Amino acid sequence: MFSPSQNGDMRTDINVTSPLMQQGEPLPEAYVCEGDPESDTDGAVSPPLRWSGLPDGVGSIAVVVDDPQEAEVFWIVFDLDPQLVELRQNTVPADAKQAENSAGEARYGAPCPTDEDIHEYRFTVYALEDTLDLPDGAELSRTLDAIAEQAVARGSLVATSG
């Protein structure tokens with residue numbers, strides 16, 4: 001599984017915020033699954049994210065949404081333009097790509113929190129040296145490896161399951 005600490009000297013000064021989520025607070029209901037197995041989208045709406053503090057000379061940006069406790073990835077968006085400073089709610093820029101999540105789907109797969117345990121949902125923005133040489137819908141592990149190899153800085157916003 002992907003561990004951002006693989007690169008111990010990576011800068012962590014990217015500031016990640018959201019107008020609709022707060023650091024350390026529960027993930028709003030709009031961004032979790034509705035628990036409807038018959039639904040094609042499982043109620044999946046990706047939250048808006050903003051970032052600042054990218055280092056100079058960045059080639060692209062990647063966003064990874066995961067639950068580190070469960071080693072589950074909900075969303076990967078990569079090859080984002082380094083001039084971009086935000087992702088709007090439930091949108092992916094036309095020139096960006098999405099990789100497979102842990103469910104094998106190239107889209108935002110909303111977390112499905114349970115009442116039993118508190119989980120952390122990490123929204124991490126990575127500054128990459130270049131674009132990834134991967135297609136839209138790329139395999140999860142391959143994409144995470146490519147991000148780890150090219151990441152020069154990162155920052156996270158962490159929400160909880162309750």
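Which residue in S4 is the bridge partner of Asp-66? The partner is Val-73. This report places that pair in the fold of the protein, which is a predicted model.

## Overall make-up

The protein has 162 residues, and 46% of them are buried. Its secondary structure consists of 1 helix and 8 strands. Read from the N terminus, the elements follow the order β-β-β-β-β-β-β-α-β.

Among contacts with a separation of 6 or more, 71% are between residues 24 or more positions apart. The exposed surface comes to about 8100 Å², of which carbon and sulfur atoms supply 42%.

## Confidence

The mean pLDDT of the protein is 88, and 88% of the residues reach 70 or more. Residues 1–7 have a pLDDT below 50, and in the model this stretch has 15 contacts beyond near neighbours in sequence. Residues 35–41 also have a pLDDT under 50. For residues 35–41 the model shows 2 contacts beyond four places in sequence.

## Strand S3 and its partners

Strand S3 covers residues 60–67, and 8 of its 8 residues are buried. Ser-60, Ala-62, Val-64 and Asp-66 point one way from the strand, while Ile-61, Val-63, Val-65 and Asp-67 point the other way. Both sets are buried.

S3 pairs with two strands described here. With strand S4 (residues 72–80) the pairing is antiparallel and has 6 bridges; the bridge between Asp-66 and Val-73 joins S3 to this strand. The hairpin of S3 and S4 has 4 residues between the strands, and in this hairpin Ala-71 takes a positive phi near 55 degrees. With strand S7 (residues 120–128) the pairing is again antiparallel, over 7 bridges. Val-63 stands opposite Val-125 in S7.

## Strand S8 and helix H1

S7 also pairs with S8: the two run antiparallel and are joined by 9 bridges. Phe-123 has Leu-157 in S8 as its bridge partner. S8 is mostly covered, with 8 of its 10 residues buried.

Helix H1 spans residues 140–150. Its buried residues are Leu-140, Thr-143, Leu-144, Ala-146, Ile-147, Ala-148 and Gln-150. The cover over the buried residues of H1 includes S3, S4, strand S6 (97–99), S7 and strand S8 (151–160).

## The open sheet

An open sheet is formed by 3 strands in the order S1-S2-S5, with antiparallel pairing. S1 and strand S5 (86–87) are at the edges and have a single partner strand each, so one side of each is left without a neighbour in the sheet. S2 and S5 run antiparallel and are joined by 2 bridges. Leu-49 has Leu-87 in S5 as its bridge partner.

## The loop residue Ser-46

Ser-46 lies in the loop between strand S1 (15–17) and strand S2 (49–52). Is Ser-46 buried or exposed? Ser-46 counts as buried because its relative accessibility is 2%, and the cut-off for buried is under 20%. Leaving aside neighbours within four places in sequence, Ser-46 is in contact with Tyr-31, Trp-75, Gln-89, Asn-90, Thr-91 and Tyr-108.

## Nonpolar cores

In soluble globular proteins, nonpolar side chains tend to be buried together. The largest nonpolar core here has 29 residues. Leu-27, Leu-49, Trp-51, Val-63, Leu-80 and Phe-123 are the members that touch the most other members. S2, S3, S4, S7 and S8 are the elements that give two or more residues to this core. Apart from this core lies another of 16 residues, among them Ala-99, Leu-134, Ala-138 and Ile-147.

Several residues already described recur in these cores. Val-63, which stands opposite Val-125 in S7, is in the largest core, as is Leu-49, the bridge partner of Leu-87. Phe-123 is also a member of the largest core and pairs with Leu-157 in S8. Ile-147, a buried residue of H1, belongs to the core of 16 residues.

Which residues does Leu-80 touch, not counting residues up to four places away in sequence? They are Trp-51, Ser-60, Ile-61, Val-63, Leu-87, Pro-93 and Ala-96. Of these, Trp-51 and Val-63 are also named among the core members that touch the most other members.

Note on methods: Residues are numbered from 1 along each chain as its sequence is written. This is a predicted model: local features need pLDDT of at least 70, side-chain atom pairs count only at pLDDT 80 or more; totals for chains, interfaces and linings use all residues. Side-chain values use heavy atoms; hydrogens and water are left out. Buried means under 20% relative accessible area, exposed over 50%, partly exposed in between (1.4 Å probe, protein chains only). Contact means heavy atoms within 4.5 Å. Two strands pair if DSSP finds at least two bridges between them. Accessible areas come from the Shrake-Rupley method with a 1.4 Å probe; for residues, only the protein chains shown count as cover. pLDDT is the predictor's confidence in each residue, from 0 to 100. A nonpolar core is a set of buried Ala, Val, Leu, Ile, Met, Phe, Trp, Tyr and Cys residues joined through side-chain atoms within 4.5 Å.
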